[in-house]
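Here is a short tour for the bench, best read with the viewer open beside the text. We will go from charged pairs to a sheet, and then to a few backbone details.

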Amino acid sequence: IYSCCYLNRRLNQLTSHDPLWKRHCKKYWLISDEEKSRRNEGWKSIFTSTYSDLGRYIRYYATLKKAWDDLEKYLGQWCPRMISSLKESVKEEDLDAVEAQIRCKLPDDYRCSFRIHNGQKLVVPGLMGSMALSNHYRSEDLLDIDTAAGGFQQRLGLKQCLPLTFCIHTGLSQYMALESVEGRNKYEIFYQCPDQMARNPSAIVMFITGTSYLEWFTSYVNKVVTGDYPIIRDQIFRYVHDKDCVATTEDITVSVSTSFLPELSSVHPPHYFFTYRIRIEMSKDALPEKTCQLDSRYWKITNAKGDVEEVQGPGVVGEFPIISPGRVYEYTSCTTFSTTSGYMEGYYTFHCLYYKDRFFNVTIPKFHMVCPTFKVSTA
């Protein structure tokens, strides 16, 4: 009995040893030494009080909090005005009230994220990325919990689907399935795409963007903070750049990034819409007499069936840019495929401004475009 009492007393002392709780506070709640000093509490006290509030999210909190912290730090440097659109966290009772309203359980990773930030205000640009063409613009906001609940769907084709994002220009949303119905997996995230060839208006095809909220949100943030998604005019643009998709001819380098546009695409009939952004740059070390002007373009476009289309024409997007040492010219254009993938390659023809009779071709690297995974409607 004496040995048991001694052991119990010793275990009590160990579990109350404050430095032991420091590691858990840092690992699960990302509490820094500075925050501990501000709170003027011991590590054990901080851990237990935080656990009483956020304990159900202990599997997700550190990952989502780091993602939010990284995103805020990056936006503060590159898109500071977007920071002001983020909303403060919600309380547990707010999330419980939404579940009661929609009569459906919210996944814990989704709830956890909203305990950190309640989405953003309905503003432009949206936190979840933009896309722009000459006559088309998309910018998606991350919806706050109340707006999302107001858009909760019970109609056929989108039964028990909660919108995560919204674009005020296109009406486009990314949805999360809260139940495994109509051929969807529970917590799958997708863009809806009506089946235009089905007689049933509830026939919805899904372009899948994530398998869970945690994976969807953290993978997006990672692409933003690593610079995979470029910042253009204080907006996050969802262009993907393949680092191997670069070609240099003499002093001119051409690189390409691409993006799939679900809102302009359809599976039935097959029509897959892609946009691409091309960057043309002359080395800053080039001699001034290398200055040249783009005259024409040639494209060879190949779909997944091997069908080839060739396009040749003057300039690019109606312009004839002059490229000089250190100068960068960028433009955006688009293409469509009747197959789920395809690629483009070609060249630009330039003429020298100093030696007007000198013409030369600049290689455009081959770049592939692939439609994301999709599911055909079961309706």
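Is Glu182 buried or partly exposed? Glu182 is partly exposed, with a relative accessible area of 26%. Please keep in mind throughout that this is a predicted model.

## Salt bridges, pair by pair

Glu182 has a charged partner: its side chain meets that of Arg184 in a salt bridge, 2.4 Å from N to O. Arg184 is buried, at a relative accessible area of 3%. A search of the whole structure turns up 27 salt bridges, and two others are worth a visit.

One of them joins Lys65 and Asp69, whose closest N and O atoms are 2.9 Å apart. Both residues belong to helix α5 (residues 61-78), and because they are four residues apart there, about one helical turn separates them. Lys65 is partly exposed, with a relative accessible area of 21%, and Asp69 is partly exposed too, with a value of 32%.

## A buried pair and its network

Now turn to Arg111, which forms a salt bridge with Glu99; here the closest N and O atoms are 3.1 Å apart. Arg111 lies in helix α8 (residues 108-116) and Glu99 in helix α7 (residues 92-102), so this pair ties together parts that are 12 residues apart in sequence. Arg111 counts as buried at 0% relative accessibility, and Glu99 is buried with a relative accessible area of 10%.

Salt bridges that share partners link these two residues into one network with Asp53, Arg56, Glu92, Asp96, Lys105, Asp108 and Arg115. How many of the nine residues of α8 are buried? Eight of them are, so α8 is largely enclosed by the rest of the structure. The buried residues of α8 include Tyr110, Cys112, Phe114 and Ile116.

Another buried residue to look up is Cys79, at 0% relative accessibility. Cys79 sits in the loop between α5 and α6 (80-83). Cys79 and Ile232 are 153 residues apart in sequence, yet their C-alpha atoms are 9.5 Å apart in space.

## A four-stranded sheet

Next comes an open sheet of four strands, in the order β11-β12-β13-β17, with antiparallel pairing. Which strands stand at the edges? They are β11 (240-249) and β17 (328-337); each has a single partner strand, so one side of each is left without a neighbour in the sheet. On average, neighbouring strands of this sheet are turned by 20° against each other, direction ignored.

Two of the pairings can be followed in more detail. β11 and β12 pair in the antiparallel sense over six bridges, with Ala247 standing opposite Val254 in β12. β12 (residues 252-260) and β13 (residues 272-282) pair in the antiparallel sense over nine bridges, and Phe260 stands opposite Phe274 in β13.

The UniProt record, an unreviewed entry, carries the annotation "domain: ApaG" for residues 246-376. That span is 0% helix and 62% strand, and its end C-alpha atoms lie 35 Å apart.

## Turns and backbone details

β11 and β12 form a hairpin with two residues between them. Glu250, in the turn, has a positive phi of about 55°; Glu250 is a residue other than glycine. At 46% relative accessibility, Glu250 counts as partly exposed. Tyr187 also has a positive phi, near 75°, and is found in the loop between β6 and β7 (189-194). Tyr187 counts as partly exposed, at 23% relative accessibility.

There are cis peptide bonds to look for as well. One joins Val124 and Pro125, with omega about 5°; Pro125 is placed in the loop between α8 and β1 (130-133). The peptide bond from His268 to Pro269 is cis too, with omega near 0°, and Pro269 is in the loop between β12 and β13.

## A nonpolar patch on the surface

Val124 appears again at the surface: together with Leu122 and Ile168, Val124 makes a nonpolar patch of about 250 Å². Ile168 is in the loop between β5 (165-166) and β6 (174-177). With a relative accessible area of 46%, Ile168 is partly exposed.

Definitions and conventions:
Residues numbered from 1 in each chain as written. Predicted model: local features only at pLDDT ≥ 70, side-chain atom pairs only at ≥ 80, totals over all residues. Heavy atoms only, no water. Pairing = 2+ DSSP bridges. Axes fitted to C-alpha atoms, helices over the stretch in contact; angles between N-to-C directions. Patch = residues over 30% accessible without salt bridge, like charges linked within 9 Å, V, L, I, M, F, W, Y side chains within 5 Å. Areas by Shrake-Rupley, 256 points an atom, 1.4 Å probe, with all protein chains shown as cover. Salt bridge = Lys/Arg side-chain N within 4 Å of Asp/Glu carboxyl O. Buried < 20%, exposed > 50% of the residue type's maximum accessible area, 1.4 Å probe, protein only. UniProt positions renumbered as here; feature names shortened; annotations may be inferred.
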